[in-house]
Amino acid sequence: MILKRIQLGSYIIIGILLILCFRLWQLQMLDGDKYKRLSEDNRLKILKTPAPRGIIYDRNGTPLVKNIPFFSVSITTDNFRAIDTDSLSAVLGLTKKEVEEKLTKKDNSPFVPVKLKQGLSFGEIARIEARRSDFPGLFVETEVGREYLFGKVGAHIIGYLGKITTSQLNNPDLRHFPLDALIGQWGVEALFDNQLRGIPGERIIEVDALGRELRMIQEKPSVKGSDVKLSIDINIQKAVEDAFGNKAGALVAIKPDSGEILALESLPSFDPNTFSMGIAYNDWKSLMEDKKKPMLNRAVQSQYPPGSTFKIITAIAALEEGIISPDTKINCTGGIGYGRWTFGCWKKGGHGPVDFHRAIVESCDVYFYEVGRRLGIDKIYKYATAFGLGRETGVELMPVKERRGLIPNTGWKREKKHLPWYLGDTYISAIGQGYVTATPIQMAAMMASFANGGNLYKPSLIKGRQELSGTVKLKPETIEMIKKALSGVVNEPNGTAQGARSSLVVIGGKTGTAQVVGKKKGLTGERFMDHAWFVAFAPVDNPEIALSVFVEHGGSGGATAAPIAKRAIEAYMKSKNGQEAIGKRQ
């Protein structure tokens, strides 16, 4: 009996030894490479080193942004649940809940650092370094952020960086990026993100059990992103913001000979530095709920009746179609009757007999009512759309969607309103009211096309880029007569835009007023004041800059919008001639 038990015990021991031998053989021979790799992963740490983004410059080589280092703290461990979250949250200055949410994500890996906090101060770094031995795998790393050197100036063009969104992770080009990575989310930063981003580097280091670096194993340096040179002039952008003061609105300035955008300002604006290390939810919510709508790009997203600035189109159509001549006179008595309605002139007493030149210089509404009647809406539509109104200009500004504006005709009203077109509709359309709407960038592009003799260029944000999108054939005498009249608007005693008169350069332009619905109902207050327009170009003889200015509830275009245009044009002339240099915005 005893012998049998000894034999059984021997068999069991031999069986156990055989199993252990087999297991040893399996671990060393079959799975040896696998566990060797795991061992290396525990001993080695792979750190990504961010690539400095390319610098964005204005047309004169002035840097608009710079790269700045900022610090974050991350942790790697094979057991996230073993971490003392009470102590760790105290060290990091976070709540326990915030730390636990980061550590308990399903996709956490022992080989991928979990970022716990960004934007550390030097005091926070010192506190973390002093307690690192309490939290194996905890380390501080350096990242690259942005400083926007001119703050709010040009923010709607330059844009900002932001963390990758959930929807963007579906983009194959972004799948390998960590969730906390900063990429271009707005404006030029987004439009040229691939070019600006560069190629991240990689450091493989050996660490001890506490996660402290022992030695460098291998390093692959990062590659800086490519620079981008914009067409804008930051001198103009700053002059425009200063000129607007606290008013809301937009200005777009374009080079007539190429379509390059010299300035694109939308106000009120926002400070992109708020986004440079990832914006807090409450700050983002505050921006979205701000009644002044700082995130709205008014230059391309706001569309309003262009008012009397549209008389330029009506005048071009009338001269090209032979409806009027320079000597054609129309008697303005202060209004024109149509059935039981009266369409008034802005000058209640009337202008008396006015010819073409005086009608533009003094912006006589009755003159253009009659010109509109003779033309008919469909001919006005023909010339307005030929100059790019009623459709997108094609300017690229991510993620902003450009508005089309509206140029109506008889077919449009029949289709959309199920009504016939009336003569009264033509009267108000001829002076840029009623159904007619346009965006500031459309009006600037229209003015640039007229100033260069009829070439339509797609507005571009890149210096040296030129794309012709259409041509309008105009008689030389048409161009000459209208240029002379637009110069008179600014420079003659009775002109409506004397506020744009400059001692530096001869400016030509046209004022306009967009009526506000509430004002028609007798409501008062600033928010029921008319909107102010002014379109211009300079120098009149050989235009180098064309622009549009729109001021929300600005009242008179001559009093409010024209002086802003003057400041912008003079800033361009000074910048071009090297008379003014601009430094970092304070």
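**Charged pairs, ring pairs and one buried serine**

Let me start with Lys 96, which is partly exposed, since its relative accessible area is 35%. I should say at once that what we are looking at is a predicted model. Which residue does the side chain of Lys 96 meet in a salt bridge? The partner is Glu 100, with 3.9 Å from N to O, and because the cut-off for a salt bridge is 4 Å, this pair falls within the limit. Both residues belong to helix α4, which covers residues 96-103, and they sit four residues apart, about one turn of the helix. Glu 100 also counts as partly exposed, because its relative accessibility is 32%.

From this local pair I would like to move to the wider set, for by this rule the structure has 25 salt bridges. One of them joins the side chains of Glu 189 and Arg 53, at 2.9 Å from N to O. How many residues apart in the chain are Glu 189 and Arg 53? They are 136 residues apart, so to speak from distant parts of the chain, with Glu 189 in helix α7 (residues 187-191) and Arg 53 in the loop between β1 (44-49) and β2 (56-57). Are these two residues buried or exposed? Glu 189 is buried, its relative accessible area being 0%, and Arg 53 is buried as well, at 6%; both are so classed because buried means under 20%.

A further salt bridge connects Asp 257 with Lys 255, whose closest N and O atoms are 3.8 Å apart. Here the two partners fall into separate classes, in that Asp 257 counts as partly exposed at 47% relative accessibility, whereas Lys 255 counts as buried at 14%. Coming back to Arg 53 and Glu 189, these two are part of one network, in which salt bridges that share partners also join Arg 146, Asp 193 and Arg 197.

Now to the aromatic residues, where the structure holds 19 pairs. In one of them, Trp 186 and Phe 270, the ring centres are 6.1 Å apart and the planes stand at 75°, which is why the pair is classed as edge-to-face. This pair, too, links distant parts of the chain: Trp 186 lies in strand β7 (residues 182-186), while Phe 270 lies in the loop between β12 (261-267) and α10 (281-289), the two being 84 residues apart. Both Trp 186 and Phe 270 are buried. Another edge-to-face pair is formed by Tyr 367 and Phe 368, so classed because their planes are at 65°, with the ring centres 5.5 Å apart; these two residues are likewise buried. Trp 186 and Phe 270 also belong to a cluster, in which ring pairs link them with Tyr 160, Phe 275 and Trp 284.

Finally, I turn to Ser 548, which lies in strand β21, residues 545-551, and is buried with a relative accessible area of 0%. What lies 2.5 Å from a polar atom of the side chain of Ser 548? That is the backbone oxygen of Pro 440. Leaving aside residues up to four places away in sequence, Ser 548 touches Ala 250, Leu 251 and Val 252, then Pro 440, Met 443 and Ala 444, and also Phe 534 and Val 535. Pro 440 therefore appears in both descriptions, as a residue that the buried Ser 548 touches and as the one whose backbone oxygen lies 2.5 Å from a polar atom of that side chain.

Key
Residues are numbered from 1 along each chain as its sequence is written. This is a predicted model: local features need pLDDT of at least 70, side-chain atom pairs count only at pLDDT 80 or more; totals for chains, interfaces and linings use all residues. Side-chain values use heavy atoms; hydrogens and water are left out. Buried means under 20% relative accessible area, exposed over 50%, partly exposed in between (1.4 Å probe, protein chains only). A polar contact is a pair of N or O atoms within 3.5 Å; within protein, one must be able to donate a hydrogen and the other to accept it, and residues adjacent in sequence count only if both atoms are side-chain atoms. Contact means heavy atoms within 4.5 Å. Rings of Phe, Tyr and Trp (its six-membered ring) pair if their centres lie within 6.5 Å; planes under 30 degrees apart count as stacked, over 60 as edge-to-face and the rest as tilted.
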